[in-house]
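Here are some notes for a colleague who is opening this entry for the first time. Please keep the sequence and the model in view while reading the points below.

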Amino acid sequence: MLSLIHIHKKYGSHEVLNFSEWKIDSGIHWLKGGNGTGKSTLFRIISGQTPFKGKVELNGVNLKKEPVKFRSIISFAEAEPQYPLFITGQELIDFYTGTRNAKASQAANLADYFEMSAFLNQKVGGYSSGMLKKLSLICAFIGDPVLYILDEPLITIDIASADKLYQLIKEKAAQGKSFLLSSHQEVSADKLKLDGVFNIDDKQVIRL
Ligand SMILES: Nc1ncnc2c1ncn2[C@@H]1O[C@H](COP(=O)(O)OP(=O)(O)OP(=O)(O)O)[C@@H](O)[C@H]1O
């Protein structure tokens, strides 16, 4: 499903990632690693958000050769989402719905599911960190991508929302969708059956 070949990533002279190959099949995958080991960097590479050396392919679609097609089949939720403070949640959702050719009803259902509907006409600048995170998760689930990349999806959201997120991931995975998750908290096996657990160590991605 996803393959990364000969990946090199530096910020200035600071090399963060350097490995020859990482391949994963479809399923739910969890990426571990201490602070600053490169999890977010790896996710940004796969989602086409940062320049890198190497090759990334998802279901045979090459990120560098077909960037628009590639981006249309992935969804990425940042660990710490940042949006212009003056837009409303609804405006952001409408943007995602439009660019992903999704139905407005899908976003409305997601907003209801995460109990965000009442806040969507407020400006994002007034949101709490948990509300902002839930908005980013709603946006990530808009459309019909192949792979969902959720960077630290559990931070700042309450327990009920985390359980809802687990449920949604399970439903999507049952439909054949794949997930790449990072979390400093343990993902308990009774909540989510993981197909792969990986660690970033010494610039490499290692299966645990
Ligand atoms: N935009 C950037 N410019 C310069 N250095 C960066 C940038 N982004 C990340 N880094 C550096 O790259 C390294 C990896 O950072 P990254 O955010 O990918 O780690 P992480 O594993 O996600 O960390 P955490 O668990 O703390 O969120 C760190 O040393 C960080 O300082």
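1. One sheet in this predicted model is open, with four strands in the order β2-β1-β4-β5 and antiparallel pairing, where two strands count as paired if DSSP finds at least two bridges between them. Helices (H or I, at least four residues) and strands (E, at least two) are DSSP runs, numbered from the N terminus. The edge strands of this sheet are β2 (14–24) and β5 (61–62), each of which pairs on one side only. Strand β4 (residues 53–58) is joined to β5 by two bridges in the antiparallel sense, and Leu 58 stands opposite Val 61 in β5.

2. Two notes on how to read the rest. Residues are numbered from 1 along each chain as its sequence is written. Because this is a predicted model, local features need pLDDT of at least 70 and side-chain atom pairs count only at pLDDT 80 or more, while totals for chains, interfaces and linings use all residues.

3. A second open sheet has six strands in the order β6-β7-β8-β3-β9-β10, with mixed pairing. Its edge strands are β6 (74–77) and β10 (204–207), and each pairs on one side only. Neighbouring strands of this sheet are turned by 20° against each other on average, direction ignored; axes here are lines fitted to C-alpha atoms, for helices over the stretch in contact, and angles run from 0 to 180 degrees between N-to-C directions.

4. Strand β8 (residues 178–182) pairs with strand β3 (residues 28–32) in the parallel sense over four bridges, and it is also joined to β7 by five bridges, again running parallel. Between β3 and β8, the bridge partner of Ile 28 is Phe 179 and that of Trp 30 is Leu 181. Tyr 148 also stands opposite Phe 179 in β8.

5. Is β8 mostly covered or mostly open? Five of its five residues are buried, a residue being buried if 20 or more other C-beta atoms lie within 10 Å of its own, exposed if 12 or fewer, and partly exposed in between, with C-beta atoms placed from the backbone. Ser 178, Leu 180 and Ser 182 point one way from the strand, whereas Phe 179 and Leu 181 point the other way.

6. Helices pack against the six-stranded sheet. Helix α5 (residues 129–140) lies across β6 and β7 and runs at about 180° to β6. The largest nonpolar core, meaning a set of buried Ala, Val, Leu, Ile, Met, Phe, Trp, Tyr and Cys residues joined through C-beta atoms within 7 Å, has 47 residues, and those with the most contacts inside it are Leu 42, Ile 138, Ala 140 and Ile 149. The largest share of this core, five residues, comes from α5. Leaving aside neighbours within four places in sequence, Leu 42 is in contact with Leu 17, Leu 31, Ile 200 and Val 205, contact meaning that the C-beta atoms, placed from the backbone, lie within 7 Å.

7. Which residues surround the ligand? They are Tyr 11, Val 16, Gly 33, Asn 35, Gly 36, Thr 37, Gly 38, Lys 39, Ser 40, Thr 41 and Ala 79, a residue being near a molecule if its C-beta atom, placed from the backbone, lies within 6 Å of it. Helix α1 (residues 39–46) gives the largest share of this shell, three residues. The shell divides into three nonpolar, seven polar and one charged residue; Ala, Val, Leu, Ile, Met, Phe, Trp, Tyr, Cys and Pro count as nonpolar, Asp, Glu, Lys and Arg as charged, and the others, Gly among them, as polar.

8. Two backbone angles deserve a look when checking the model. Most residues other than glycine have a negative phi. His 6, in strand β1 (residues 2–11), has a positive phi near 50°, and it counts as exposed because it has 11 C-beta neighbours inside 10 Å. Glu 115, in the loop between α4 (104–113) and α5, has a positive phi of about 55°, and it counts as partly exposed, with 14 C-beta neighbours inside 10 Å.

9. Lys 23 lies in strand β2 and is exposed, with 11 other C-beta atoms within 10 Å. Not counting residues up to four places away in sequence, Lys 23 touches Leu 2 and Ser 3.

How values were computed: Two residues are in contact if their C-beta atoms, placed from the backbone, lie within 7 Å.
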